[in-house]
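Reader: I have just opened my first protein structure and I am not sure where to begin. Could you walk me through it?

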Amino acid sequence: MKNDPAYLQAAYSAIFADRLCKQSSIIAIGGGAFLDLTGFAATTAHRGIAYWRVPTTTLSQADSGIGIKSAVNFQHHKNGVGAHDVPRGILVDATLLRTLPVRDWISGLGECLKIALINSREYFDELERGLPAYLARQYAPSTAILRTCARAHFEHIRGSSDPYEKSQSRPLDFGHWAAHRIEALSKFAVLHGEAVLLGIALDSLYAHRLGRLPENSLARVLSFVSACGIGKLARQQRDALNPEALLKGLDEFRRHIGGPLCITLLEDIARPFETNVIDINLMEQCIRELPARI
Ligand SMILES: NC(=O)c1ccc[n+]([C@@H]2O[C@H](COP(=O)([O-])OP(=O)(O)OC[C@H]3O[C@@H](n4cnc5c(N)ncnc54)[C@H](O)[C@@H]3O)[C@@H](O)[C@H]2O)c1
Ligand SMILES: [Zn+2]
């Protein structure tokens, strides 16, 4: 949906055919891709129409639907064209998740793991404890996990001195330099949240090899990703984990932010640090090793 400009055209066509104006409101109900597309259309049509979101996937209820960004892909640039679209309101109804396909259900855990690892040891413990119930789709424990992520994500944006991401520092993009590239290399056969799980596993392995992330913490991260069934996907998607092709994601990420490369890595769980330098040979070894470790 985000790859095909026809969908964006259709959104603008609907806005103008229905004679929406600056006094109108758009209520978008859907997953992260639909919310990104409609958010961008609402923010740019008439230079901004009031916009409300109703996220319907685990990923969008925990993360993307709670944020202030929207974008569509441009050529091979994931989220190449977008805007900041502060919504008027967000309605999260977890009962909408009941019909979600299993892969999309699990995919939401990518952003939950990201928030836990950069933010909160307690939340990571909660995620580990709650994973079996989440994978079994037990409603109450699963929605508790998603709610904690949504709150932490919201607080991170609200409490940040850089909500519009003007600086080099991008903690919410932990694991994402690889994730965006993996999605594109797989021709979007790998879902965003699955790619985030892979990107987190890769950067955690790399941080360990650098001598930063301790062995026991790495083991916890890899075992979480493995329990989500992502190892099988990694072994199937050989093109997406081709080291030479994947490493180009570092340069894409640097060009997106501008200035020097700035990648968030882990010193330990909930202890992120930033680096401007990636040892390409070491990262290549980690990419080769990853499928066998998860
Ligand atoms: N704007 C941001 O800050 C941000 C952050 C993270 C991710 N994203 C974007 O979000 C997208 C991924 O979002 P997603 O994981 O929600 O996937 P998605 O929007 O692609 O939806 C996944 C699938 O589930 C279907 N679906 C949606 N809700 C359903 C429901 N309740 N029942 C049954 N089927 C349902 C959709 O039609 C789709 O086929 C990516 O494009 C990613 O780039 C944006
Ligand atoms: Zn993401």
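**Reading the model step by step**

Author: Happily! Let us begin with one residue: Arg137 sits in the loop that joins helix 6 and helix 7. Keep in mind that this is a predicted model.

Reader: What is the phi of Arg137 near?

Author: Start with the general idea. Most residues other than glycine have a negative phi. Arg137 has a phi near 60 degrees, which is positive although the residue is not glycine. Asn79 is another such case, with a positive phi near 55 degrees, and this residue belongs to strand 4.

Reader: Is Arg137 buried or exposed, or somewhere in between?

Author: Here we count neighbours: 20 or more other C-beta atoms within 10 Å make a residue buried, 12 or fewer make it exposed, and anything in between is partly exposed. Arg137 has 14 C-beta neighbours inside 10 Å, so it counts as partly exposed. Asn79, with 17 other C-beta atoms within 10 Å, is also partly exposed. You can try the rule on Glu252 of helix 12: its 15 C-beta neighbours inside 10 Å make it partly exposed.

Reader: Which residue could show me the buried case?

Author: Take Ala150, which lies in helix 7. It has 24 other C-beta atoms within 10 Å, so it is buried.

Reader: Which residues is Ala150 in contact with, beyond its neighbours within four places in sequence?

Author: They are Gln61, Ala62, Ile66 and Val92. Distance along the chain and distance in space are two separate things to read. Ala150 and Gly65 are 85 residues apart along the chain, and their C-alpha atoms are separated by 8.8 Å. For Glu252 and Asp93, 159 residues apart in sequence, the C-alpha to C-alpha distance is 36 Å.

Reader: How many residues does helix 7 have, and how far does it reach?

Author: A helix can be checked against an expected rise of 1.5 Å a residue. Helix 7 runs over residues 139-159, which is 21 residues, and reaches 30 Å from its first C-alpha to its last, close to the expected 30 Å. Its buried residues include Ile145, Leu146, Cys149 and Ala150. The buried residues of helix 7 pack against helix 3, helix 5 and helix 6.

Reader: How many residues of helix 9 are buried?

Author: In helix 9, 17 of the 18 residues are buried, so this helix is largely enclosed by the rest of the structure. The length check works here too: the 18 residues should span 26 Å, and the end C-alpha atoms are 26 Å apart, which agrees. After helix 9 comes Gly211, with a positive phi near 90 degrees.

Reader: Now the whole chain. How many helices and strands does it have?

Author: The protein chain has 13 helices and 7 strands. Its radius of gyration is 19 Å, close to the 19 Å that the globule rule gives for 294 residues, so the chain is as compact as a globular protein of that length. Along the principal axes, the C-alpha atoms fill a box of roughly 60 × 40 × 40 Å. Of the 294 residues, 43% count as buried.

Reader: Into which domains is the chain divided?

Author: There are two parts to look for: domain 1, covering 5-96, and domain 2, covering 101-293. Their C-alpha centres lie 24 Å apart. The contact between them takes 15 residues from domain 1 and 20 residues from domain 2. On the domain 1 side, helix 3 and strand 4 each supply at least two residues, and helix 3 gives the most, with 4 residues.

Reader: Where does ligand 1 lie with respect to the two domains?

Author: To place a ligand, look at which parts give residues to the shell around it. Domain 1 and domain 2 both give residues to the shell around ligand 1, so the ligand lies between them. Of the 24 residues around ligand 1, the nearest are Gly31, Gly32, Thr57, Leu59 and Ser64.

Reader: Which helix gives the most to that shell?

Author: Helix 2 does, with 4 residues. Helix 9, the one we met above, is among the elements that each supply at least two. By character, the shell divides into 6 nonpolar, 13 polar and 5 charged residues.

Terms used
Residues are numbered from 1 along each chain as its sequence is written. Chains are lettered from A and ligands numbered from 1 in the order in which they are written. This is a predicted model: local features need pLDDT of at least 70, side-chain atom pairs count only at pLDDT 80 or more; totals for chains, interfaces and linings use all residues. A residue is near a molecule or strand if its C-beta atom, placed from the backbone, lies within 6 Å of it. Ala, Val, Leu, Ile, Met, Phe, Trp, Tyr, Cys and Pro count as nonpolar, Asp, Glu, Lys and Arg as charged, and the others, Gly among them, as polar. Domain bounds come from an automatic or database domain assignment. Two residues are in contact if their C-beta atoms, placed from the backbone, lie within 7 Å. The expected span of a helix is 1.5 Å times one less than its number of residues. The radius of gyration is taken over C-alpha atoms; the globule rule is 2.2 Å times the number of residues to the power 0.38.
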